[in-house]
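Visitor: I'd love a close look at one part of this model. Could you pick a single residue and walk me outward from there, step by step?

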Amino acid sequence: MKLISTNICKTSDIGVNDNLFGGTMLSWLDEAGGIMAACACRSTNVITLKMEEVLFKKPVKVKDQVRIYGKVNHIGNTSLKLSLEARSVNLAEKSEITVCSTCVVYVNVDENGKPKPINQDMGSCV
Ligand SMILES: CC(C)(COP(=O)(O)OP(=O)(O)OC[C@H]1O[C@@H](n2cnc3c(N)ncnc32)[C@H](O)[C@@H]1OP(=O)(O)O)[C@@H](O)C(=O)NCCC(=O)NCCS
């Protein structure tokens, strides 16, 4: 998997259980996946179609650094599917643990928001 982005859990990101709010994690994953999808099909017009099972495996606490990793699993005619993982970083031990994972489908769209074939001849920039 390739590192896409890094986020830090701020006090304003905390939900009612002293953990990172799940919706914030989803936002980080969706944004990172969108960046990877855009690079993979060399288009800025990619839109999220589907988020598959999301597993919140471990809690994220204030000050935790969270790295989002991704991998392109499949490129279809207009869509592509990515695996995404959020990993919390232990800076002292130089280690990471997976805190959340999912698969997301993005669709390449035209200026009217309609599915548009991905030009695979262009090659990926990821
Ligand atoms: C994304 C969107 C343009 C797709 O339009 P659509 O008419 O549903 O698209 P199609 O049925 O032609 O399918 C497009 C692609 O998605 C795939 N797809 C459709 N439904 C799917 C599903 N349930 N699971 C996986 N892939 C699916 C199709 O197989 C196709 O891929 P392919 O061309 O690689 O084979 C439309 O659904 C949309 O605008 N959704 C709202 C997106 C949005 O607002 N996202 C949140 C904010 S970013």
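**A walk outward from one residue**

Guide: Happy to! Let's start at Ile4, which sits in strand 1, spanning residues 2-8. Keep in mind that this is a predicted model. Is Ile4 buried or exposed? Ile4 counts as buried because 21 C-beta neighbours lie inside 10 Å, and the cut-off for that label is 20 or more.

Who are the neighbours of Ile4? Leaving aside residues up to four places away in sequence, Ile4 touches Ala32, Ile35, Met36, Ile68, Tyr69 and Gly70. One of these pairings is worth displaying in your viewer: Ile4 and Ala32 are 28 residues apart along the chain, yet their C-alpha atoms are separated by 6.0 Å.

One partner of Ile4, Ile68, takes us to the next stop. The largest nonpolar core has 25 residues, and Ile68 is, with Ala37 and Ala86, among those with the most contacts inside it. Which elements give two or more residues to this core? They are helix 1 (22-40), strand 4 (65-75), strand 5 (79-90) and strand 6. Helix 1 supplies the largest share, seven residues.

Ala86 makes a good second viewpoint. With residues up to four places away in sequence set aside, Ala86 touches Met25, Trp28, Leu29, Val66, Ile68, Val99 and Cys100. Ile68 therefore turns up again here, as a contact of Ala86 just as it was of Ile4, given that two residues are in contact if their C-beta atoms lie within 7 Å.

Now let's step back to the whole chain. The protein chain has one helix and six strands, and along the sequence they follow the pattern β-α-β-β-β-β-β. Its radius of gyration is 15 Å, close to the 14 Å from the globule rule for 126 residues, so the chain is as compact as a globular protein of that length. Along the principal axes, the C-alpha atoms fill a box of roughly 45 × 30 × 20 Å. Buried residues account for 27% of the 126 residues. Among contacts with a separation of 6 or more, 68% join residues 24 or more positions apart.

Last stop: the ligand. It is surrounded by 13 residues, the closest being Gly76, Asn77, Thr78, Ser79 and Val107. Strand 2 (46-51) and strand 6 (95-108) are the elements that give two or more residues to this shell, and strand 2 gives the most, with four. By character, the shell divides into six nonpolar, six polar and one charged residue. Strand 6 thus appears in two places on our tour: around the ligand and in the nonpolar core.

Technical notes. Residues numbered from 1 in each chain as written. Predicted model: local features only at pLDDT ≥ 70, side-chain atom pairs only at ≥ 80, totals over all residues. Near = placed C-beta within 6 Å. Nonpolar A, V, L, I, M, F, W, Y, C, P; charged D, E, K, R; others polar. Rg over C-alpha atoms; globule rule 2.2 N^0.38 Å. Buried ≥ 20, exposed ≤ 12 C-beta atoms within 10 Å, placed from the backbone. Core = buried A, V, L, I, M, F, W, Y, C linked by C-beta atoms within 7 Å.
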